[in-house]
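Subject: Structure for you to look at

Hello,

Here is the structure I promised to pass on. Please open it beside this note and follow along.

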Amino acid sequence: MIAEARKIGKSYALGSTTVTALHPSSFSIASGEFIAILGPSGSGKSTLMNIIGLLDRPSVGQFRLNGTDCADLSDDKAAQMRNRFIGFVFQAYHLLPRETVLKNVELPLLYAGIGGRERERRATTALAAVKLSHRILHLPSQLSGGEQQRAAIARAIVTNPSLILADEPTGALDSATGWEIMRLLGALNRSGRTVVLVTHDVHIAQQARRIVSLRDGKIISDQAVVPGRTDGTDDQGIQRHAAA
């Protein structure tokens, strides 16, 4: 099991008021799954992703990543686990504008203490995997939006993480380019990587194999997507099972 959450919740103090971003929820993510976390703005999906990605800690409950109880991790240990086990893909790409595509992709390996030649070799391999070898010495500003996102995906996979977290990865792209990115994420999942996708778009979510829907900080459904089936599913090819 990649991740296990037992009644995790997140609340914030806002002056004298307590705001609950995520109500206590339980779920698990198995190795090799492709999951979409679906919900509108303010539903709690980004809070949930931040907890899964060790960018935030739950106020209550227990969260385990790769069998490790994350409650008492120091900031340095959490950073080490993120670098080792998780690759992040963001809507805004977050590429360094003054560095080449190759140097951007090398960055997680630099943080991991990998030597220069090995960094370049691994980054070049990751860029080839996303069909961006012809752009490795370009700056991000010289790339299209889709190419920048592919570079960001190469950066996410360069450390060979077991989990990829993609936060609205198609949100800044046109429809055709967005589908290209979804096909790439699907291919990475089929190669054995676990993918968790955060989105507000139901059509994008349906490209996953499981949809966890949130509203008002609560998990309201947990559904398996059944491609190509009609009987036993709704008209969007989704088969319900017990909510978390």
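Below is what I found on cores, one strand, a cavity and pockets.

First, a caution. This is a predicted model.

**Cores**

Start with the largest nonpolar core. It holds 37 residues, and Val105, Ile153 and Leu185 touch the most other members. Several elements give two or more residues to this core. Among them are strand 3 (34–38), helix 3 (101–111), helix 5 (145–157), strand 7 (163–167) and helix 6 (175–190). Look at Leu185 more closely. Leaving aside residues up to four places away in sequence, Leu185 touches Phe34, Ile153, Ala166, Pro169 and Val195.

There is also a second, separate core. That one has 30 residues, including Ala3, Ile29, Met49 and Leu54.

**Strand 6**

Next, find strand 6, residues 86–90. Four of its five residues are buried, so the strand is largely enclosed by the rest of the structure. Strand 6 runs parallel to strand 7, and five bridges join the two. One pairing to check: Phe90 has Asp167 of strand 7 as its bridge partner.

**Cavity**

How many cavities of 30 Å³ or more does a search of the whole structure find? The search finds one. The largest cavity has a volume of about 60 Å³. Its lining includes Phe27, Ile29, Ile35, Leu48, Val196 and Arg210. Strand 2 (17–29), strand 3, helix 1 (45–52) and strand 9 (210–215) each supply at least two lining residues. By class, the lining has nine nonpolar residues, no polar ones and one charged.

**Pockets**

The largest pocket encloses about 420 Å³ of space. It is lined by 16 residues, and Asn83, Ile86, Phe88, Pro108 and Tyr111 lie nearest its centre. Helix 2 (75–85), strand 6, helix 3 and helix 5 each give two or more residues to this lining. Which element gives the largest share of the lining? Strand 6 does, with four residues. The lining splits into ten nonpolar, four polar and two charged residues.

The second largest pocket holds about 200 Å³. Of its 15 lining residues, Asp56, Arg57, Pro58, Cys70 and Ala71 are the closest to the centre. Strand 4 (60–65) and helix 2 give two or more residues each. Here the lining has eight nonpolar, two polar and five charged residues.

Over to you.

Best wishes

Note on methods:
Residues numbered from 1 in each chain as written. Predicted model: local features only at pLDDT ≥ 70, side-chain atom pairs only at ≥ 80, totals over all residues. Heavy atoms only, no water. Core = buried A, V, L, I, M, F, W, Y, C linked by side-chain atoms within 4.5 Å. Buried < 20%, exposed > 50% of the residue type's maximum accessible area, 1.4 Å probe, protein only. Contact = heavy atoms within 4.5 Å. 1 Å grid on protein atoms, 1.4 Å probe; cavity = no way out; pocket = protein on both sides within 12 Å on 5 of 7 lines; lining within 4 Å. Points joined across faces, edges and corners; volume = space filled by probe spheres on them. Nonpolar A, V, L, I, M, F, W, Y, C, P; charged D, E, K, R; others polar. Pairing = 2+ DSSP bridges.
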